[in-house]
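Here's a quick briefing for anyone opening this structure for the first time. Take a look at the model, then read on.

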Amino acid sequence: MPLEAGLLEILACPACHAPLKEQDAELICTGQNCGLAYPVRDGIPVLLVDEARRPE
């Protein structure tokens, strides 16, 4: 389920404050040295560093 267009514009990575991009059921940090992937559950972004998936 895609997020509202305006919501994605104001969200940022809690770890490095870089913008996020939507990919599948995750929000991926666009920061060069970060790259954390935050889950989206039931249409709600879970922007907790402890819940994020580390880049591979």
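A residue counts as buried when its relative accessible area is under 20%, as exposed when it is over 50%, and as partly exposed in between. By that yardstick, Thr30 is partly exposed, because its relative accessible area is 42%. Keep in mind that you're looking at a predicted model.

**The overall picture**

- The protein's secondary structure adds up to one helix and four strands, and reading from the N terminus the order is α-β-β-β-β.
- With a radius of gyration of 10 Å, close to the 10 Å the globule rule gives for 56 residues, the protein is as compact as a globular protein of that length.
- Along the principal axes, the C-alpha atoms fit a box of roughly 25 × 20 × 15 Å.
- Of the 56 residues in the protein, 32% are buried.
- If you take the contacts with a separation of 6 or more, 19% of them join residues 24 or more positions apart.

**Surface and charge**

- The accessible surface of the protein is about 4,000 Å², and carbon and sulfur atoms account for 51% of it.
- There are 4 positive and 9 negative side chains, and the centres of these two sets sit 7 Å apart.

**The cysteines**

- What is a disulfide? A covalent bond between the sulfur atoms of two cysteines.
- How many disulfides does a search of the whole structure find? The count is zero.
- Cys13 is in no disulfide, and the nearest cysteine sulfur to its own, that of Cys29, is 3.8 Å away.
- Cys34 has its closest cysteine sulfur in Cys29 too, at 3.8 Å, and that's too far for a bond, because the two sulfur atoms of a disulfide have to be within 2.5 Å.
- Are Cys13 and Cys34 buried or exposed? Cys13 is buried, at 1% relative accessibility, and Cys34 is buried as well, with a relative accessible area of 16%.

**Two loop residues with positive phi**

- His17 isn't a glycine, yet its phi is positive, at about 70 degrees.
- You'll find His17 in the loop between α1 (5-10) and β1 (20-23), where it is exposed, with a relative accessible area of 62%.
- Asp24 is a residue other than glycine with a positive phi, near 55 degrees.
- Which loop holds Asp24? Its place is between β1 and β2.
- Asp24 counts as exposed because its relative accessible area is 77%.

**The loop between β2 and β3**

- Back to Thr30: it lies in the loop between β2 and β3.
- Leaving out residues up to four places away in sequence, Thr30 touches Ala18, Pro19, Leu20 and Lys21.
- Thr30 and Cys13 are 17 residues apart in sequence, and their C-alpha atoms are 8.4 Å apart in space.
- Gly35 also belongs to a loop here, the one between β2 (26-29) and β3 (37-41).
- What does Gly35 touch, not counting residues up to four places away in sequence? Its contacts are Ile28, Cys29, Arg53 and Pro55.
- Gly35 and Arg54 are 19 residues apart along the chain, with 7.1 Å between their C-alpha atoms.

Methods:
Residues numbered from 1 in each chain as written. Predicted model: local features only at pLDDT ≥ 70, side-chain atom pairs only at ≥ 80, totals over all residues. Heavy atoms only, no water. Buried < 20%, exposed > 50% of the residue type's maximum accessible area, 1.4 Å probe, protein only. Rg over C-alpha atoms; globule rule 2.2 N^0.38 Å. Contact = heavy atoms within 4.5 Å. Areas by Shrake-Rupley, 256 points an atom, 1.4 Å probe, with all protein chains shown as cover. Lys, Arg positive; Asp, Glu negative; His and termini not counted. Charge placed at Lys NZ, Arg CZ, Asp CG, Glu CD.
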